[in-house]
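Q: I am new to this structure and would be grateful for a close look at one part of it, the salt bridges. Please describe them, and then set them against the interior of the chain.

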Amino acid sequence: MPERTATVASRVGLHARPAAIFAEAAGEFDLDITIAREGEPADEAMDAASILSLMSLGASHGDVVVLRAEGAGADDALDRLVQILETDHDAE
């Protein structure tokens with residue numbers, strides 16, 4: 001299963017606007033994509049397309065998260081989602 005790590009760049013972490021942008025993008029892919037804090041077991045990962053899951057993850061600015069996906073196009077999807085996480089959406 002492909003996976004990527006990303007560092008949360010938004011100053012407020014993965015909350016409100018950054019979480020909404022990320023969840024919308026994750027939902028555009030016909031894949032099961034999960035997100036977890038680095039070091040957490042894969043079976044505790046949350047649905048990356050769920051804004052509630054993202055906000056309950058509690059990822060702050062500078063935290064490292066792990067994204068996983070399986071299926072056709074998983075690598076491209078993960079690459080795109082890493083770009084979103086590593087952009088400071090609060091600065092825009």
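**Salt bridges and their setting**

A: The structure holds five salt bridges. The model is a predicted one, and the account below should be read in that light. As general background, side chains of opposite charge can pair when their charged atoms come close.

One pair joins R4 to D75, with 3.0 Å between the closest N and O atoms. The two partners come from distant parts of the chain: R4 belongs to strand β1 (residues 3–7), D75 belongs to helix α3, and 71 residues separate them. With a relative accessible area of 22%, R4 is partly exposed, because buried would require a value under 20%. D75 also counts as partly exposed, at 40% relative accessibility. This pair does not stand by itself, since R4, D75 and D79 are linked in a network of salt bridges.

A second pair is formed by the side chains of R11 and D88, again with an N to O distance of 3.0 Å. R11 sits in the loop between β1 and α1, while D88 is in the segment after α3; the salt bridge therefore ties together parts that lie 77 residues apart in sequence. R11 counts as exposed, because its relative accessibility of 55% is over 50%.

A further salt bridge connects R37 with D63, whose closest N and O atoms are 3.1 Å apart. R37 is in strand β2 and D63 in the loop between α2 and β4, so this pair holds together parts separated by 26 residues in sequence. R37 is partly exposed, with a relative accessible area of 26%.

The elements that carry these charged residues may now be set against the interior. The largest nonpolar core has 25 residues, and those with the most contacts inside it are F22 and I35. Two or more residues come to this core from each of α1 (16–27), β2 (32–37), α2 (51–57), β4 (64–70) and α3 (74–85). Helix α3 gives the most, with seven residues. Thus α3, the helix of D75, and β2, the strand of R37, both contribute to the core.

How far does I35 reach beyond its own surroundings in sequence, and which residues is I35 in contact with? Leaving aside neighbours within four places, I35 is in contact with L14, F22, A45, M46, A48, L54, L57, V65, V66, L67 and L85.

Helix α1 offers two positions worth separate attention. A19 is found in this helix and counts as buried, at 0% relative accessibility. Not counting residues up to four places away in sequence, A19 touches L14, I51, L54 and M55. The C-alpha atoms of A19 and A9, which are 10 residues apart along the chain, are separated by 12 Å. A16 lies in α1 as well, yet A16 counts as partly exposed, at 48% relative accessibility. The phi angle of A16 is near 45°, a positive value in a residue other than glycine.

In helix α2, S53 is buried, because its relative accessible area of 17% falls under 20%. Apart from residues up to four places away, S53 touches M46 and D47. E44, by contrast, lies in the loop between β2 and β3 (46–47) and is partly exposed, with a relative accessible area of 49%. E44 and T34 are 10 residues apart in sequence, and their C-alpha atoms are 9.3 Å apart in space.

A last matter is empty space inside the protein. Rolling a probe the size of a water molecule over the atoms shows where such space is left. The structure holds one cavity of 30 Å³ or more, and the largest cavity has a volume of about 40 Å³. Its lining is made up of V8, A9, S10, G13, L14, P18, F22, I84, L85, T87 and H89. The elements that give two or more residues to this lining are α1 and α3. Seven of the lining residues are nonpolar, four are polar and none is charged.

Methods: Residues are numbered from 1 along each chain as its sequence is written. This is a predicted model: local features need pLDDT of at least 70, side-chain atom pairs count only at pLDDT 80 or more; totals for chains, interfaces and linings use all residues. Side-chain values use heavy atoms; hydrogens and water are left out. A nonpolar core is a set of buried Ala, Val, Leu, Ile, Met, Phe, Trp, Tyr and Cys residues joined through side-chain atoms within 4.5 Å. Buried means under 20% relative accessible area, exposed over 50%, partly exposed in between (1.4 Å probe, protein chains only). Helices (H or I, at least four residues) and strands (E, at least two) are DSSP runs, numbered from the N terminus. Contact means heavy atoms within 4.5 Å. On a 1 Å grid over the protein atoms alone, a cavity is a set of points where a 1.4 Å probe fits but cannot get out, and a pocket is an open set with protein on both sides within 12 Å along at least five of seven lines; lining residues have an atom within 4 Å of a point. Grid points are joined across faces, edges and corners, and a volume is the space filled by probe spheres set on the points. Ala, Val, Leu, Ile, Met, Phe, Trp, Tyr, Cys and Pro count as nonpolar, Asp, Glu, Lys and Arg as charged, and the others, Gly among them, as polar. A salt bridge is a side-chain nitrogen of Lys or Arg within 4 Å of a carboxyl oxygen of Asp or Glu.
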